[in-house]
Structure formats: C-alpha cells, structure tokens
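Here is a friendly walk through one protein model, from its strands to its side-chain pairs. Please keep the viewer open while you read.

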Amino acid sequence: MSDEPIALGKALASFDALWSPRIVTRVNDYDVRVAKVDGEHIWHAHDDTDEFFLVIDGELHISLREPTGRRTVVLPQGSAFTVPRGVEHKPSAPSGAAILMFEPTGTATVGDRHEEVPSHVDATTGHALHS
C-alpha cells in the first residue's frame, strides 16, 4: 500500500472495467475499494460481514430483501449506507456511479450466497490498483 495520499479521482481514472473493484488501501484487516458501476449487479449476501458503500459520483440504488419485505435505498452522490451482514441485496446504478466500499480483506464481491454470476459482473476479492 502507498504511504502517499490517494487521489480517488485518479484511482478511478486508471481503469475502465465495471463492477470490478480496485483496492486503494487497507485499514487493519479491511480493504478500501473503489469501483465504477453501471446497470445491475446480482442478488447476493455476505453471511459474516456488513458491507459499506459510499457514493463518490452518480447515484447508487441498493435493493434489500429484509424480513419485513423488499425495499430500495437510493444513495445520491456523497451518501453512505451499510448493508447488514446476512441481508440479501442487489446494487444497481441506472445512470452509472463511482463508489467506495469498505469490507474485510478477501471478501468476495458476489458474497457467500448469490444467484448466477453474469459476464458483466467480476466475481473477485478485489484487484490491485495500478495508478
């Protein structure tokens, strides 16, 4: 990891792949990841960890399947939201977005339980940032 400040705009400009997060730094045992997103991800859940989202640019929608029913949280630029562990969720960005995520190192982008992974979704634990 770098011992210099990380410009998130520069980090995001260094790659084009959608739904394919880059690890910008680590905090203890957690990855700080950035990603460009557009369209829909997949329904998935992380059984043992919460998932933090911060919208850097654009707007992110997160549909949730909760015990009380389904709802969608809309996150405009500058907003943050944490999906609790075990909750099925499906991120989407109808007009595209840039996001920052904070989750334990080694956490798969498609969670522990998920539907079939389409080709536009990168099932990964994050990629190294090459800026």
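## Ground rules

Two strands count as paired if DSSP finds at least two bridges between them. Helices (H or I, at least four residues) and strands (E, at least two) are DSSP runs, numbered from the N terminus.

This is a predicted model, in which local features need pLDDT of at least 70 and side-chain atom pairs count only at pLDDT 80 or more, while totals for chains, interfaces and linings use all residues. Residues are numbered from 1 along each chain as its sequence is written, and side-chain values use heavy atoms, with hydrogens and water left out.

## Strand β4 and its partners

A good place to begin is strand β4, residues 51-66. It pairs with strand β5 (residues 69-76) in an antiparallel fashion, through 8 bridges. The two strands form a hairpin, with 2 residues between them. Within this pairing, serine 63 stands opposite threonine 72 of β5.

Strand β4 also runs antiparallel to β7, and 11 bridges join the two. Here you can find isoleucine 62 opposite proline 91 in β7. A further antiparallel pairing, of 4 bridges, connects β4 with β6. In that one, phenylalanine 53 faces phenylalanine 81 of β6, and phenylalanine 52 has threonine 82 as its bridge partner.

## The two faces of β6

Which side chains of β6 point to one face and are buried? They are Phe81 and Val83, in a strand that covers residues 80-83. Ala80 and Thr82 point to the other face and are not buried. For these labels, buried means under 20% relative accessible area, exposed means over 50%, and partly exposed lies in between (1.4 Å probe, protein chains only).

## Salt bridges

Side chains of opposite charge can pair when their charged atoms come close. A salt bridge is counted here when a side-chain nitrogen of Lys or Arg is within 4 Å of a carboxyl oxygen of Asp or Glu. How many salt bridges does the structure hold? There are 8. One of them joins glutamate 40 to lysine 90, with the closest N and O atoms 2.9 Å apart. This pair links distant parts of the chain, since glutamate 40 is in strand β2 (residues 30-40) and lysine 90 is in strand β7 (residues 88-104), 50 residues apart. Glutamate 40 is partly exposed at 46% relative accessibility, whereas lysine 90 is buried at 15%.

Aspartate 50 and arginine 85 form another salt bridge, at 3.6 Å from N to O. It also links distant parts of the chain: aspartate 50 lies in the loop between β3 (44-45) and β4, and arginine 85 in the loop between β6 and β7, 35 residues away. Both side chains belong to partly exposed residues, with 31% for aspartate 50 and 47% for arginine 85. Arginine 71 meets glutamate 66 in a salt bridge of 2.7 Å, N to O. Arginine 71 is partly exposed at 40%, and glutamate 66 is partly exposed at 24%. In addition, salt bridges with shared partners join Arg26, Asp31, Arg33 and Glu103 into one network.

## Aromatic rings

Rings of Phe, Tyr and Trp (its six-membered ring) pair if their centres lie within 6.5 Å; planes under 30 degrees apart count as stacked, over 60 as edge-to-face and the rest as tilted. The whole structure has 1 aromatic pair. The rings of tyrosine 30 and phenylalanine 102 are stacked because their centres are 5.0 Å apart and their planes lie at 10°. Tyrosine 30 is in strand β2 and phenylalanine 102 in strand β7, so the pair ties together parts 72 residues apart in sequence. Tyrosine 30 is partly exposed at 33%, and phenylalanine 102 is partly exposed at 30%.

Charges can sit over rings too: the criterion is NZ of Lys or CZ of Arg within 6 Å of the ring centre and within 35 degrees of the ring normal. Arginine 65 places its charged end over the ring of tryptophan 43, 3.8 Å from the centre. Lysine 36 does so over the ring of phenylalanine 15, at 5.4 Å from the centre.

## Around serine 20

Serine 20 lies in the loop between α1 (8-13) and β1 (22-27). Is serine 20 buried or exposed? Serine 20 is buried, with a relative accessible area of 4%. Leaving aside neighbours within four places in sequence, serine 20 is in contact (heavy atoms within 4.5 Å) with Phe15, Asp122 and His127.
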